[in-house]
Amino acid sequence: RSADGGRTWGDPAALDTEHHRNETALVHLGGGQWLAAARTSELQLYRSQDDGRTWTPCGPVTEASQHPGDFLLLGDGRLLLTYGNRTADRGVDVRFSRDAGKTWSRPSRVADFQGDGGYPASVQLTDGRVVTAYYASKSAHHGRYHMAVVIWDPARSEGK
C-alpha cells in the first residue's frame, strides 16, 4: 500500500497466511473494497473491505486447472473475470458478476487453444466490445508459442 503514488510503501498485507497463493488479479470496487483472484489449483477469491489491510477468503470461482485470472470492470457495471482454461477443453473462458463478485455467471468461451496457454488480459473498447490477449503454445493456425487476441462482445457472452 502506498499513500504517495508509489514513492514509498507501507507494510504488506497477506491474502492468506496459511496457504501459498500467486499470480493474483486485483480489482478496486470503490469505497475501500477490493476483490482478488489468486491462483492455486484453481482461482480462489478474496475480498477486502478496508483498502487491502485485511482479506477474507470467499472460496473458489473456477475449477481445477482454470487459472490465472484477469479482472475488468465493464462500462455497464458488470465485473468480468477472464482466465485460462487448461483442462482437456482448453481455451480462454470468461465469467460475469453483477454484484461485485458475490455471484458469477456460468463460464463462456471466447477463444480456443491447444497445448499450453492462458494468461489473458482484457480491455474494453469505446464501442463496448472487449479485446482479450492471451498466449498459447499451439492453435489451428500456429504450431508454436504465440500471442493472440480475440475481440468479442460481452453483451452476447454472459452465461452461454
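**Strand β3 and its neighbours**

Biologist: What makes you say that both faces of β3 are covered?

Modeller: In this predicted model, Leu43, Leu45 and Arg47 on one side of β3 are buried, and Gln44, Tyr46 and Ser48 on the other are buried too. Buried means under 20% relative accessible area, so each of these residues falls below that cut-off. Strand β3 covers residues 43-48, and six of its six residues are buried.

Biologist: How do you know that β2 and β3 pair?

Modeller: Pairing takes at least two bridges between two strands. Six bridges join β2 (residues 33-39) to β3, therefore the two count as paired. They run antiparallel. As an example, Leu35 stands opposite Arg47 in β3. The link between β2 and β3 is a hairpin of three residues.

Biologist: What makes β3 and β4 a pair as well?

Modeller: There are four bridges between β3 and β4 (residues 56-60), and at least two are needed, so this also counts as pairing. The sense is antiparallel. Gly59 in β4 is the bridge partner of Leu45.

Biologist: Why is β6 called largely enclosed by the rest of the structure?

Modeller: Strand β6 spans residues 79-85, and seven of its seven residues are buried, so the rest of the structure largely encloses it.

Biologist: Which strands pair with β6, and how do you know?

Modeller: Strand β5 (residues 66-73) is joined to β6 by six bridges, and these strands run antiparallel. Gln66 has Asn85 in β6 as its bridge partner. Strand β7 (residues 91-97) pairs with β6 over seven bridges, again in the antiparallel sense. There, Thr82 stands opposite Val94 in β7. Both counts meet the requirement of at least two bridges, so both are pairs.

Biologist: What lies between these strands in sequence?

Modeller: The hairpin of β5 and β6 has five residues between the strands, and Gly77 in that hairpin takes a positive phi near 95°. A hairpin of five residues also joins β6 to β7.

Biologist: How many helices and strands does the protein have?

Modeller: It has zero helices and 11 strands.

Biologist: Why is the protein called as compact as a globular protein of its length?

Modeller: Its radius of gyration is 16 Å, and the globule rule gives 15 Å for 160 residues; the two values are close, so the description applies.

Biologist: What share of the residues in the protein is buried?

Modeller: Buried residues account for 45% of the 160. The accessible surface comes to about 8,800 Å², with 50% of it belonging to carbon and sulfur atoms.

Methods:
Residues numbered from 1 in each chain as written. Predicted model: local features only at pLDDT ≥ 70, side-chain atom pairs only at ≥ 80, totals over all residues. Heavy atoms only, no water. Rg over C-alpha atoms; globule rule 2.2 N^0.38 Å. Buried < 20%, exposed > 50% of the residue type's maximum accessible area, 1.4 Å probe, protein only. Areas by Shrake-Rupley, 256 points an atom, 1.4 Å probe, with all protein chains shown as cover.
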